[in-house]
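Colleague: Hi! Could you walk me through this one while I have it open?
Modeller: Happy to, let's take a look together.

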Amino acid sequence: LFSIHNMVRAVSDGKSQFKAEYWSPSQGSRAMREVINGATALGKASPITKPIGVHISDGCTIYNNEVLFALRERGSLIILVPVRCGVQRRLSQLSFMTVERIMKHHTSIGVVGGVPNRSYYIIGTSGQRFAYLDPHVQTQPAMLNEDTQRVTFETPGTVPLVGWDRVDTSLLFGFYVRNLDDYNSLSTELCKINDDGFGDKLIY
C-alpha cells in the first residue's frame, strides 16, 4: 500500500512509463495523500485502524477553516505543508533555527528535504546539523510485527547527520493532529514562532 511504486502511480497521471525526475514537495504531498486515502478506503482490511485524513496546505499557509472542516470529517489529520525557504539554493541559519523550533512541537512527524539530487527524511537536529533517515539506503524493517495491540519497533544504533548549510530550501513539513486540541496547540506555537521575530517565517 505504501510502496514507492504506489506513490509513483499516484502522481503519474495515467502515464504508462515512469520518468525518473525530481519531485516537488507538492507532488510528494499528493502521492502521500493518495496512498493514505487508498489505504483508508479498504475499510476493515486496511492497516490503518482509525479514520485519518490528509490535508495539503497551499502557499506556506495553513487555513483554519479548511483544517477544522477536515477534522470534523475525519477525526484526525495529517497536515502537509510544502515550503520554499527563501530564494537561495541552501538554507540560511535563521531558516535552520525556525525549522528546528517547528520540529520540536509534539505534532511534528518530520520534514522531507535533502541535498541536491538526494532526498532525506529529517527527524530532528543535533547541534548545527539535521538528523535524517535516507530512503535510498536499505535498512532492517522498523516494525518487527504487525500485531495492532502490541507493536515492536527496532531503532537504528546511529543516525546520519547533515549540516544545515548543505540542505536545499525546498522542504515539506508534516504534522499529525489527533484532535482539535492538537491543532490549536500547533496553531498557537506557529503564531508564537512567527511573532517572536527570531528566525525566518516559514509557515503561516
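**A chat about the model**

Modeller: Let me start with Ile-123, which is partly exposed, with a relative accessible area of 40%. Keep in mind that this is a predicted model.

Colleague: Okay, and where does Ile-123 sit?

Modeller: Ile-123 belongs to strand β4.

Colleague: Which residues form the nonpolar patch on the surface?

Modeller: Ile-123 is in there, together with Ile-109, Val-112, Tyr-121, Leu-133, Val-159 and Tyr-176. Together they have about 510 Å² of accessible area.

Colleague: Nice. Which strands each supply at least two residues of that patch?

Modeller: Those are β3 (108–115) and β4 (118–126).

Colleague: Let's zoom out to the sheet. What order do the strands have?

Modeller: The open sheet has seven strands in the order β1-β2-β7-β3-β4-β5-β6, and the pairing is mixed. The edge strands are β1 and β6 (161–163), each of which pairs on one side only. On average, neighbouring strands of this sheet are turned by 35° against each other, ignoring direction.

Colleague: And what packs on the sheet?

Modeller: Helix α5 (residues 180–196) does, touching β2 (77–84) and β7 (170–177). The direction of α5 makes about 140° with that of β7.

Colleague: Back to an edge: how many bridges join β5 to β6?

Modeller: Three, and the two strands run antiparallel; β5 covers residues 129–133. In that pairing, Phe-130 stands opposite Val-162 in β6.

Colleague: What about the other edge strand? I'm curious about His-55: is it buried or exposed?

Modeller: His-55 lies in strand β1 (residues 53–56). His-55 counts as buried because its relative accessibility is 10%, and the cut-off for buried is under 20%.

Colleague: Which residues does His-55 touch, not counting those up to four places away in sequence?

Modeller: The list is Glu-66, Val-67, Leu-77, Ile-78, Ile-79 and Leu-80.

Colleague: Last topic, then. Where is Ser-187 found?

Modeller: Ser-187 is in helix α5, the helix that packs on the sheet. At 21% relative accessibility, Ser-187 counts as partly exposed.

Colleague: How far apart are Ser-187 and Tyr-63, in sequence and in space?

Modeller: In sequence they are 124 residues apart, while C-alpha to C-alpha they are 10.0 Å apart in space.

Colleague: Great, thanks for the tour!

Terms used:
Residues are numbered from 1 along each chain as its sequence is written. This is a predicted model: local features need pLDDT of at least 70, side-chain atom pairs count only at pLDDT 80 or more; totals for chains, interfaces and linings use all residues. Side-chain values use heavy atoms; hydrogens and water are left out. Helices (H or I, at least four residues) and strands (E, at least two) are DSSP runs, numbered from the N terminus. Buried means under 20% relative accessible area, exposed over 50%, partly exposed in between (1.4 Å probe, protein chains only). Contact means heavy atoms within 4.5 Å. Two strands pair if DSSP finds at least two bridges between them. Axes are lines fitted to C-alpha atoms, for helices over the stretch in contact, and angles run from 0 to 180 degrees between N-to-C directions. Patches are made of residues with over 30% relative accessible area and no salt bridge: like charges are joined within 9 Å, nonpolar side chains (Val, Leu, Ile, Met, Phe, Trp, Tyr) within 5 Å. Accessible areas come from the Shrake-Rupley method with a 1.4 Å probe; for residues, only the protein chains shown count as cover. A salt bridge is a side-chain nitrogen of Lys or Arg within 4 Å of a carboxyl oxygen of Asp or Glu.
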